[in-house]
Structure formats: structure tokens, C-alpha cells
Amino acid sequence: MKTTDTPPPPAEAVEARPVVKKLATPSGKDRSGGVLNVFSHGVLVIWAVLVVLPLLWAVMTSFKDDKSILTSPWALPDKLHFENWSRAWTQAHMSDYFLNTILVVAGSLVGTLLLGSMAAYVLARFEFPGNRFIYFLFVGGMSFPVILALVPLFYVMNNLGLLNTIHGLILVYIAYSLPFTVFFLTSFFKTLPTSVAEAAIIDGASHTRTFFQVMLPMAKPGLISVGIFNFLGQWNQYLLPTVLNTDPDKKVLTQGLVQLASSQGYKGDWSGLFAGLVMAMLPVLGAYIIFQRQVVAGLTAGALK
């Protein structure tokens with residue numbers, strides 16, 4: 001007897017069976033990673049609170065009168081006392097201190113970035129006898145305590161006629177900031193592509209033109225990052241100007257704040273003191289807020305390339 005095979009049903013007639021997928025259960029590694037993330041974020045939140053709250057309290061206190069500061073230090077001001085700021089700006093000579101600080105920091109920052117970038121570019125791009133020795137001299141300068149050099153530095157500045165001068169303080173700030181600047185920018189210049197510089201040399205550009213017109217614009221994130229760090233250190237510098245700048249007319253902002261606090265005696269102009277403190281804090285805080293993206297980009301550029 002002949003049998004015939006039945007043809008298979010068409011594909012449309014076959015009922016699709018639901019595909020059941022198993023839910024992946026979190027592994028022990030994922031759970032530990034989640035706990036670590038929660039812990040790290042908690043630490044960062046606590047650190048942010050510890051940093052932000054004193055700043056907000058200082059700003060709030062600068063708008064209160066002396067009686068409210070002493071009787072209810074944590075309460076909001078009954079009204080905004082803007083006269084505290086005007087009194088600190090005029091009577092406490094904060095305007096003069098501000099101008100002197102801007103002159104010193106601006107001159108030293110430009111000089112530090114210019115000389116530091118040139119030295120770092122040479123150490124990073126050219127091989128010559130003593131290259132590593134000079135580099136490690138700059139690195140060693142970062143570990144040298146400034147307080148040990150104050151006495152000989154005072155006599156050197158006095159012999160050169162640079163004591164109690166704005167330009168003398170600028171030179172000291174440049175020498176103080178160069179080791180970290182060269183150390184930071186040397187590593188950054190090594191991450192930049194050499195093909196661009198070689199193409200500029202082949203096209204007839206000199207080494208100076210290649211540096212200023214090709215390589216220096218490419219190093220902008222690193223320059224901004226190290227510039228912010230130098231700005232913070234130079235703006236808040238107190239030890240060097242205290243020893244090398246005793247002229248009352250040429251004092252910088254940190255010296256002015258100390259003089260404002262010590263010259264009150266029993267008077268206690270706390271509202272003016274807090275107003276001057278906030279004045280000194282705002283430029284540094286504003287500079288970091290404006291350039292925070294460039295700072296992060298400059299710090300991570302070497303790791304990303």
C-alpha cells in the first residue's frame with residue numbers, strides 16, 4: 001500500500017509560541033558595585049555640605065549687623081545691610097588691596113604660563129643631554145618647602161632692590177609656581193600628536209612659530225587647568241607677601257584681611273570683616289565656576305588620548 005506524506009502546514013498557520021526569557025538576577029559583583037556607588041555618592045554629598053554651608057553662612061553673615069551676628073548667628077538677616085560692603089571697600093581700603101592683588105596675580109599668572117609652557121614644550125619634545133635632569137629639578141622644586149627659603153629670599157630681594165615692590169613680588173610668584181606648571185604641562189605636551197608639529201616644520205615654520213601658532217593652541221585645555229590652579233594658589237598666598245612686602249600701600253588682599261581683623265581691637269567690626277572675606281572669596285569662586293569644564297577637560301586629556 002502506497003502512503004503519501006502530508007505536506008507541512010504553511011508558516012502563517014503555525015502559531016507563534018511566546019518566548020519566555022529568564023530575568024537575569026543581579027550577581028554579587030553588581031550588588032557590591034551598587035553599595036560602593038551609594039557609599040561614594042554619600043561621601044561626596046557630605047563633603048559638599050561641609051564645603052558649601054560655611055560659604056553660604058559667610059555670605060549671609062556679611063549682610064547682617066554686628067548685633068545680629070553675635071546674638072543670632074544662624075538666623076537670616078532682618079534686612080540686607082549693603083553698607084557693610086561699602087564700608088569694607090572704602091574705610092578698610094579693600095579697594096587698594098584688591099587692585100594690588102589683581103596686578104600681582106595677573107602679571108605672575110601670565111609669566112608663569114608663558115615660561116612654564118615654553119620650558120615644558122622643550123622638555124617634552126626635544127631630546128638633549130640633561131633633559132631628564134632638568135625635568136627632575138623642577139619636580140624636586142615642588143617638594144621644597146617655601147618656608148625654608150624665606151630668609152635667603154629676603155636678602156636676595158633686598159640686595160636686588162626688589163623688596164616691597166609689585167614687580168619683585170611678581171617674580172617671586174613666578175618662581176614659586178613654575179615647578180608645578182612645568183611638571184603638569186610636560187605630561188600634557190607629550191599627549192599631543194607629533195605629526196602636526198612635523199607637518200608645520202616641513203611647511204617651513206620655525207620652532208618658535210610652530211610652538212606659538214600650532215602647539216600652544218592645541219594645549220589650551222592644559223593651560224586653562226594649570227592656570228586655574230596657579231590662580232587659586234597665588235590669590236590666596238599669604239606667607240610670601242607678608243615677608244617680602246611690608247609697604248602699607250602695596251599690600252595684597254590676604255594681608256589686608258589680616259590687618260582688618262587685627263586693627264579692630266575691642267571695636268569688633270564683624271560685619272565689615274565678613275564682607276571683606278566674601279569679597280576676597282568671590283573672584284576665586286567665580287573663576288572656578290566659569291572654567292570648571294576646561295579644568296576637567298585638561299585633567300582628563302592625558303588619560304583619554
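These are my notebook entries on a predicted model of one protein chain.

**Entry 1. The whole chain**

I started with the overall make-up. I counted 14 helices and zero strands in the protein chain. Read along the sequence, the pattern is α-α-α-α-α-α-α-α-α-α-α-α-α-α. Next I looked up burial. Of the 305 residues in the protein chain, 34% are buried. Then I turned to contacts with a separation of 6 or more. Residues 24 or more positions apart account for 73% of these contacts.

**Entry 2. Helix 7 and the loop before it**

I moved on to helix 7, residues 166-191. How far apart should its ends be, at 1.5 Å a residue? For its 26 residues the expected span is 38 Å. I found the end C-alpha atoms 37 Å apart, which agrees.

I then looked for a bend. Helix 7 bends by about 40° at L178. A proline, P179, follows within four residues.

I checked the N-terminal end too. T165 caps helix 7 there. A side-chain oxygen of T165 lies 3.2 Å from the backbone nitrogen of G168.

One step back, I came to N164. This residue lies in the loop between helix 6 (150-159) and helix 7. N164 is not a glycine, yet it has a positive phi of about 60°. Is N164 buried or partly exposed? Its relative accessibility is 22%, so N164 counts as partly exposed. The cut-off for buried is under 20%.

**Entry 3. The largest pocket**

I looked up the open space next. The largest pocket holds about 520 Å³ of space. It is lined by 18 residues, and the closest to its centre are G141, V146, A175, Y176 and P179. P179 is also the proline that follows the bend in helix 7.

Which helix supplies the largest share of this lining? Helix 7 does, with six residues. Helix 5 (131-142), helix 7 and helix 10 each supply at least two residues.

**Entry 4. The cavity**

I then looked for enclosed space. The structure holds one cavity of 30 Å³ or more. The largest cavity has about 30 Å³ of space. Among the residues that line it I noted T101, V104, V105, Y173, W235 and L253.

Helix 4 (94-125), helix 10 (220-235) and helix 12 (253-262) each supply at least two residues of the lining. Helix 4 gives the most, with three residues.

**Entry 5. L253, from the cavity lining**

I picked L253 out of that lining. Its place is in helix 12. At 2% relative accessibility, L253 counts as buried. What does L253 contact, leaving aside its neighbours within four places in sequence? I found M94, Y97, F98, T101, W235 and A280. Two of these, T101 and W235, line the cavity as well.

I also looked up a pair that is far apart along the chain. L253 and H93 are 160 residues apart along the chain, and their C-alpha atoms are separated by 9.8 Å.

**Entry 6. S117, a serine in helix 4**

I stayed with helix 4 and found S117 there. S117 is buried, with a relative accessible area of 2%. Where does its side chain reach? One partner is the backbone oxygen of L113, which lies 2.7 Å from a polar atom of the S117 side chain. The side chain of S117 also reaches the backbone oxygen of L114, at 3.0 Å.

I had a general point to recall here. An α-helix has 3.6 residues a turn, so residues three or four places apart point the same way.

Then I listed the contacts, not counting residues up to four places away in sequence. S117 touches T112, L185, F189, F211, L216 and L223. Of these, L185 and F189 fall within helix 7.

**Entry 7. V214 and H81**

I went to helix 9 (residues 207-218) for V214. V214 and V196 are 18 residues apart in sequence, and 7.7 Å apart in space, C-alpha to C-alpha. V214 touches V196, A200 and R209, not counting residues up to four places away in sequence.

My last stop was H81. It lies in the loop between helix 2 (66-71) and helix 3 (83-90). Is H81 buried or exposed? With a relative accessible area of 7%, H81 is buried. H81 touches S62, F63, K64 and D65, not counting residues up to four places away in sequence.

Definitions and conventions
Residues are numbered from 1 along each chain as its sequence is written. This is a predicted model: local features need pLDDT of at least 70, side-chain atom pairs count only at pLDDT 80 or more; totals for chains, interfaces and linings use all residues. Side-chain values use heavy atoms; hydrogens and water are left out. Buried means under 20% relative accessible area, exposed over 50%, partly exposed in between (1.4 Å probe, protein chains only). Contact means heavy atoms within 4.5 Å. The expected span of a helix is 1.5 Å times one less than its number of residues. The bend at a residue is the angle between axes fitted to the seven residues ending there and the seven starting there. A polar contact is a pair of N or O atoms within 3.5 Å; within protein, one must be able to donate a hydrogen and the other to accept it, and residues adjacent in sequence count only if both atoms are side-chain atoms. On a 1 Å grid over the protein atoms alone, a cavity is a set of points where a 1.4 Å probe fits but cannot get out, and a pocket is an open set with protein on both sides within 12 Å along at least five of seven lines; lining residues have an atom within 4 Å of a point. Grid points are joined across faces, edges and corners, and a volume is the space filled by probe spheres set on the points.
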